[in-house]
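Colleague: Got a minute to walk me through this one? I'd like to get my bearings before going back to the bench.

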Amino acid sequence: MTNYEKKEEHAIEKIADTLLKLEKTLSKLDSTENKVTVFIEQEKAIHEIKKIVKEAKKIDKLNDKELEKEEKRDIASIEKSQVALADIEKNFDHLDRTLEKLDDSNTRVKSYVEQEKAIHEAKKILKSIDKYNVL
C-alpha cells in the first residue's frame, strides 16, 4: 500500500471513528434528552468530518507518475475511497447550503433534522465501503 492509499484510508477511518464517537456520546445523552447538547455534539462531529475531508482533498493532488503506479495496484480500493470522500464532501456541502437557507422560525429544530440527515448519509456511505460498523 502506497503513501497515497494510506492517507486516504486513514481519512476514511478518521471519519468512521468520528461518527462512532458521536454515536457513543449521543447514546449517553439519550437519557438526559437535552437537544441543545445533542445539537452541539453533532456540530462538533460535522466540523471534524469537514476538516478531515478538506485534508484528504489535498491528497488528490498527486502527479501522474504516482497515479499510474496506484492504478497498477488496487485501483478498485482507491476508487472506492475517492468516491466515498467525494460523496461525504458533497453531503456536508449540501448541509451547509441547506442550513444557510433556513429562516429564523424553528431554525434549531430544522438544523437538527438536517444534521441528522447528513450524518445518516455519511454513515451509509461508510457502510457501503465496509468502513463503519454500528455499535
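**A chat about helix α5 and the salt bridges**

Colleague: What sits just after α5?

Modeller: Asp-130 does, and it takes a positive phi of about 55°. Before we go on, this is a predicted model, where local features need pLDDT of at least 70, side-chain atom pairs count only at pLDDT 80 or more, and totals for chains, interfaces and linings use all residues. Residues are numbered from 1 along each chain as its sequence is written, and side-chain values use heavy atoms, with hydrogens and water left out.

Colleague: Thanks! How many helices and strands does the protein chain have?

Modeller: Five helices and zero strands, so the pattern along the sequence reads α-α-α-α-α. Both kinds of element are DSSP runs numbered from the N terminus: helices are H or I with at least four residues, strands are E with at least two.

Colleague: And what is the span of α5?

Modeller: Its 22 residues reach 31 Å from the first C-alpha to the last, close to the 32 Å expected at 1.5 Å a residue. That expected span is 1.5 Å times one less than the number of residues.

Colleague: Which residues of α5 are buried?

Modeller: Ser-111, Glu-114, Gln-115, Ala-118, Ile-119, Ala-122, Lys-123, Ile-125 and Leu-126. Buried means under 20% relative accessible area, exposed means over 50%, and partly exposed is in between, with a 1.4 Å probe and protein chains only. Across the protein chain, buried residues make up 33% of the 135 residues.

Colleague: Glu-114 catches my eye. Why does Glu-114 count as buried?

Modeller: Because its relative accessibility is 17%. Glu-114 lies in helix α5, which covers residues 107–128. Leaving aside neighbours within four places in sequence, Glu-114 is in contact (heavy atoms within 4.5 Å) with Leu-95, Thr-98 and Leu-99.

Colleague: What forms a salt bridge with Glu-114?

Modeller: Lys-117, with the closest N and O atoms 3.4 Å apart. A salt bridge here is a side-chain nitrogen of Lys or Arg within 4 Å of a carboxyl oxygen of Asp or Glu. Lys-117 and Glu-114 are both in helix α5, three residues apart, about one turn of the helix.

Colleague: Why would that spacing suit a pair?

Modeller: An α-helix has 3.6 residues a turn, so residues three or four places apart point the same way.

Colleague: Nice. How many salt bridges are there by this rule?

Modeller: The count comes to five. One of them joins the side chains of Lys-44 and Glu-41, at 3.4 Å from N to O. Those two are three residues apart in helix α2 (residues 35–59), so about one helical turn separates Lys-44 and Glu-41.

Colleague: What about Lys-50 and Asp-96?

Modeller: Their side chains meet in a salt bridge too, at 2.3 Å from N to O. This pair links distant parts of the chain: Lys-50 is in helix α2 and Asp-96 is in helix α4 (residues 75–101), 46 residues apart.

Colleague: Where do those two stand on accessibility, buried or exposed?

Modeller: In between: Lys-50 counts as partly exposed at 29% relative accessibility, and Asp-96 is partly exposed as well, at 27%.

Colleague: Switching topic, how far apart are the C-alpha atoms of Val-83 and Ile-125?

Modeller: They are separated by 9.3 Å, with their positions 42 residues apart along the chain. Val-83 lies in helix α4 and is partly exposed, at 47% relative accessibility.
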